[in-house]
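User: I would like to learn how to read a structural model feature by feature. Could you take me through one, giving the general idea before the particular case?

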Amino acid sequence: MKSTILKSGLAALALITTITSCSKKEEGFTINGTITGLDKGTVYLENTDEKGNKKITDSAQIKEGAFSFAGKVNEPLLYTIKLKGEEYGAFLLLDNEAIQFEAKKDSIFKAKITGATQNDIYQSYYKNEFKKIQAIAGPIYKLSDSLQQNGKVKLTAEQQIVMDKKWKDLQDFADDLTDKFIIKNKDKIAAALIINDRIVPYGSAEQVKKYYAVLSPEIQKSFYGKQLKEAIDLNDKTAIGSPAPEFSQTDVNGKVVKLSDYKGKYVLVDFWASWCGPCRKENPNVVLAYKTYHEKGFDVLGISLDDKKKSWEKAIEKDGLTWTHVSDLKGWKNDVAVLYGVKLVPTNYLIGPDGKILAKNLREAELQSKLKEIFSKS
């Protein structure tokens with residue numbers, strides 16, 4: 001907050017300034033665009049609603065490579081400008097401003113956008129902080145793949161120590177940059193978006209709560225602030241120690257499978273997809289866990305975020321995943337994934353015989369270690 005102005009003369013001056021500035025504020029937005037290499041066609045303005053559904057809110061005709069949109073938003077919201085027949089386009093955090101849009105026909109997603117103040121702040125994270133993170137992360141990923149020969153070789157104990165240190169240092173570096181960006185922009189929509197982008201899917205529930213509390217009251221009440229609050233409430237429902245939310249879904253043969261069918265067992269509810277590289281890379285580790293502990297009372301229930309049955313079934317067979325698999329083939333809108341607030345795959349929940357969540361996101365050695373701890377006591 002700005003410091004309080006105590007002197008009446010300054011207060012009066014501030015009031016006049018406020019009135020003047022309010023009168024000059026844009027009543028709505030205008031987007032004037034040009035697309036090189038495209039003389040005519042249709043361009044769409046698309047928004048994603050609170051349920052995650054894409055919704056075309058306006059369209060415009062391209063004439064001699066130019067188009068325009070005009071309208072009004074109640075608050076800054078993410079929109080996509082895309083050509084008719086194309087699935088992807090250019091993202092824009094749209095506010096009531098005069099905006100210029102310049103792009104080439106075959107690379108709309110690389111559009112140059114000027115005059116969008118809130119969008120500039122949001123994009124600055126990816127042009128600065130995120131690029132710095134990527135510059136360090138790239139060589140670490142390459143080293144890891146090289147040492148493991150793309151998953152064919154297991155790291156030695158010494159190599160594991162070295163890689164663990166590199167991953168931790170990278171995480172600390174990324175956390176520090178993201179932390180500073182959020183705090184600096186706590187009164188901007190960009191901060192809420194970066195929490196949604198980077199902390200909700202990749203951070204802990206505690207981190208999401210921490211950064212939500214940092215946001216100004218106005219941003220907390222915004223569309224994306226409300227999304228964060230929903231994520232926090234959902235995280236609380238799937239917190240360690242909480243009863244796992246019940247669900248049912250059909251398997252590859254159309255048989256209905258319920259989570260409660262596994263009561264009395266330790267079950268790993270594993271969210272994955274055939275198109276997910278990290279999921280496929282982790283699958284051999286889950287197979288090992290299943291083979292080692294299945295006879296002792298451990299099971300796996302795979303929930304696929306696929307939308308094509310053949311791809312799903314082919315991946316199950318190729319990776320040797322012999323446990324039960326379910327899906328409604330809705331992709332990211334899978335009902336169980338939505339129920340559990342899954343934002344990325346792989347994601348898993350280890351549920352105990354009493355139906356309560358024991359752990360989240362156990363991967364690689366952590367999964368084997370946790371199961372060894374459980375079954376060495378039984």
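User: Leaving aside its neighbours within four places in sequence, which residues is His325 in contact with?

Analyst: A word of care before the answer: this is a predicted model. To read a contact list, one sets aside the sequence neighbours and looks at what remains. For His325, what remains is Thr250, Asp251, Val252, Trp272, Gly302, Trp312 and Ile316. His325 itself belongs to strand 13, which covers residues 324–326.

User: Is His325 buried or exposed, and which side chain makes a polar contact with the side chain of His325?

Analyst: Burial is read from the relative accessible area, and the cut-off for buried is under 20%. Because the relative accessibility of His325 is 5%, this residue counts as buried. The side chain of His325 makes a polar contact with the side chain of Trp323, at 3.3 Å. In addition, a polar atom of the His325 side chain lies 3.2 Å from the backbone oxygen of Leu321.

User: Let us turn to empty space inside the protein. How many cavities of 30 Å³ or more does the structure hold, and which residues line the largest cavity?

Analyst: Rolling a probe the size of a water molecule over the atoms shows where empty space is left. In this model there is one cavity of 30 Å³ or more, and the volume of the largest cavity is about 50 Å³. Its lining is made by Asp270, Trp272, Cys279, Glu282, Asn283, Val286, Pro346 and Asn348. Two elements, strand 11 (266–272) and helix 8 (277–293), each give two or more residues to that lining, and helix 8 gives the most, with four residues. Trp272, one of the lining residues, is also among the contacts of His325.

User: How do the residues of that lining divide by chemical character?

Analyst: One sorts the lining residues into classes and counts each class. Here the lining of the largest cavity divides into four nonpolar, two polar and two charged residues.

User: Cys279 is on the lining list, so to speak of cysteines next: which residues form a disulfide, and how far apart are their sulfur atoms?

Analyst: For a disulfide, one looks at the pair of sulfur atoms and then at the rotation about the bond that joins them. The structure holds one disulfide, formed by Cys276 and Cys279, with their sulfur atoms 2.3 Å apart. The link is right-handed, with 80° about the S-S bond. Cys276 counts as buried because its relative accessible area is 4%, and Cys279 is likewise buried, at 2% relative accessibility.

User: What about Pro278, is it buried or exposed?

Analyst: The relevant cut-off for exposed is over 50%. Pro278 lies in helix 8, and with a relative accessible area of 52% it is exposed.

User: Backbone geometry is harder for me to read. Which residues does a cis peptide bond join?

Analyst: For the peptide bond, the angle to inspect is omega. Val345 and Pro346 are joined by a cis peptide bond, where omega is about 0°. Pro346 lies in the loop between helix 10 (335–340) and strand 14 (347–351), and is also one of the residues lining the largest cavity.

User: And what is the phi of Asn361, and what is the phi of Glu364?

Analyst: Here one looks at the sign of phi and at the residue type together. Asn361 has a positive phi of about 50° although it is not a glycine, and Glu364, which is not a glycine either, has a positive phi of about 50°. Asn361 is found in the loop between strand 15 (357–360) and helix 11 (365–377), and Glu364 lies in the loop between strand 15 and helix 11. Asn361 counts as partly exposed, at 32% relative accessibility, whereas Glu364 counts as exposed, at 53%.

User: To finish with the whole chain, how many helices and strands are there?

Analyst: An overview sets the local features in their frame. The chain has eleven helices and 15 strands, and its C-alpha atoms fill a box of roughly 75 × 55 × 40 Å along the principal axes. Of its 378 residues, 41% are buried. Among contacts in the chain with a separation of 6 or more, 62% are between residues 24 or more positions apart.

How values were computed:
Residues are numbered from 1 along each chain as its sequence is written. This is a predicted model: local features need pLDDT of at least 70, side-chain atom pairs count only at pLDDT 80 or more; totals for chains, interfaces and linings use all residues. Side-chain values use heavy atoms; hydrogens and water are left out. On a 1 Å grid over the protein atoms alone, a cavity is a set of points where a 1.4 Å probe fits but cannot get out, and a pocket is an open set with protein on both sides within 12 Å along at least five of seven lines; lining residues have an atom within 4 Å of a point. Grid points are joined across faces, edges and corners, and a volume is the space filled by probe spheres set on the points. Ala, Val, Leu, Ile, Met, Phe, Trp, Tyr, Cys and Pro count as nonpolar, Asp, Glu, Lys and Arg as charged, and the others, Gly among them, as polar. Buried means under 20% relative accessible area, exposed over 50%, partly exposed in between (1.4 Å probe, protein chains only). A polar contact is a pair of N or O atoms within 3.5 Å; within protein, one must be able to donate a hydrogen and the other to accept it, and residues adjacent in sequence count only if both atoms are side-chain atoms. Contact means heavy atoms within 4.5 Å. A disulfide is a pair of cysteine sulfur atoms within 2.5 Å.
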